[in-house]
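Open the model in your viewer, show it as a cartoon, and keep the sequence panel beside it. The stops below are meant to be selected one after another.

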Amino acid sequence: MESVDNWLSVKTSKDSVTVSRTGNAYPDMEVVQYQPGHGAKWIAKDAMAHTSGYDAPDGLDGLFYKDRDHRTWVNGTCTRDC
């Protein structure tokens with residue numbers, strides 16, 4: 001998995017899968033779960049195109065731009081900053 005100035009966390013339990021993403025408004029992201037005998041299941045899907053076309057350089061966004069996104073999905077449903 002690769003990203004551009006993004007951090008991704010995937011936590012699983014018996015009943016749920018939680019995906020958290022923090023970063024600039026790029027790139028788009030798809031997290032898919034595959035299980036034997038089942039079709040693909042979307043766990044998280046995010047289009048983070050920044051409307052201004054600007055992605056803050058690492059480190060500067062917290063000082064000047066404050067444009068980081070912080071999103072969370074639980075079992076495929078966005079639950080934070082959707």
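A residue is called buried when its relative accessible area is under 20%, exposed when the value is over 50%, and partly exposed in between. By that scale N75, at 34% relative accessibility, counts as partly exposed, and we shall return to this residue later in the tour. Please keep in mind throughout that this is a predicted model.

**The whole chain**

Begin with everything displayed and colour by secondary structure, which comes to one helix and six strands. Following the chain along the sequence, you should pass through these elements in the pattern β-β-β-β-α-β-β. If you switch on the surface, about 5800 Å² is exposed by the protein, and carbon and sulfur atoms supply 52% of that area. Of the 82 residues in the protein, 28% are buried. Among contacts between residues at least 6 apart in sequence, 42% join residues that are at least 24 apart.

**The hairpin at the start**

Select residues 6-12 for strand β1 and residues 17-23 for strand β2, which pair in the antiparallel sense over seven bridges. These two strands form a hairpin, and four residues lie between them. To check the register, select N6 and look across to β2, where its bridge partner is G23.

**The four-stranded sheet**

Now add β5 and β6 to the selection, and an open sheet of four strands appears in the order β1-β2-β5-β6, with antiparallel pairing. Its edge strands are β1 and β6 (77-80), each of which pairs on one side only. Neighbouring strands of this sheet are turned against each other by 25 degrees on average, direction ignored. As background, the strands of a sheet pair through backbone hydrogen bonds, in either a parallel or an antiparallel way.

Zoom in on the pairing of β5 (residues 69-74) with β6, where the two strands run antiparallel and are joined by three bridges. One bridge to show explicitly links T72 to its partner R80 in β6.

**T72 and R80**

Is T72, in strand β5, buried or exposed? T72 counts as buried because its relative accessibility is 12%, which falls under the 20% limit. Show side chains here, and you will find a polar contact of 3.5 Å between the side chain of T72 and the side chain of S20. Leaving aside residues up to four places away in sequence, T72 touches T18, V19 and S20, and also T77, C78, T79 and R80.

Move across to R80 in strand β6, which is partly exposed with a relative accessible area of 43%. Beyond its neighbours up to four places away in sequence, R80 touches H70, R71 and T72. A distance line drawn between the C-alpha atoms of R80 and H70, which are 10 residues apart along the chain, should read 7.4 Å.

**The loop at N75**

Next, select N75 in the loop between β5 and β6. Its phi angle is near 50 degrees, a positive value in a residue other than glycine.

**W73 and the nonpolar core**

Step back along the chain to W73, which is in strand β5. W73 counts as buried because its relative accessibility is 4%. Which residues touch W73, once those up to four places away in sequence are set aside? They are V17, T18, V19, R21, M29, I43, A44, K45, D46, C78 and T79. Between W73 and T18 there are 5.6 Å from C-alpha to C-alpha, although the two are 55 residues apart in sequence.

Extend the selection to V17, V19, M29, V31, I43 and A44, which together with W73 make up the largest nonpolar core, of seven residues. The elements that give two or more residues to this core are β2, β3 (29-33) and β4 (41-46). In soluble globular proteins, nonpolar side chains tend to be buried together.

**K45, the last stop**

Finish on K45, which lies in strand β4 and is exposed, with a relative accessible area of 51%. Not counting residues up to four places away in sequence, K45 touches M29, E30 and W73. The C-alpha atoms of K45 and E30 are separated by 4.5 Å, while the residues themselves are 15 apart along the chain.

Methods: Residues are numbered from 1 along each chain as its sequence is written. This is a predicted model: local features need pLDDT of at least 70, side-chain atom pairs count only at pLDDT 80 or more; totals for chains, interfaces and linings use all residues. Side-chain values use heavy atoms; hydrogens and water are left out. Two strands pair if DSSP finds at least two bridges between them. Buried means under 20% relative accessible area, exposed over 50%, partly exposed in between (1.4 Å probe, protein chains only). Contact means heavy atoms within 4.5 Å. Accessible areas come from the Shrake-Rupley method with a 1.4 Å probe; for residues, only the protein chains shown count as cover. Axes are lines fitted to C-alpha atoms, for helices over the stretch in contact, and angles run from 0 to 180 degrees between N-to-C directions. A nonpolar core is a set of buried Ala, Val, Leu, Ile, Met, Phe, Trp, Tyr and Cys residues joined through side-chain atoms within 4.5 Å. A polar contact is a pair of N or O atoms within 3.5 Å; within protein, one must be able to donate a hydrogen and the other to accept it, and residues adjacent in sequence count only if both atoms are side-chain atoms.
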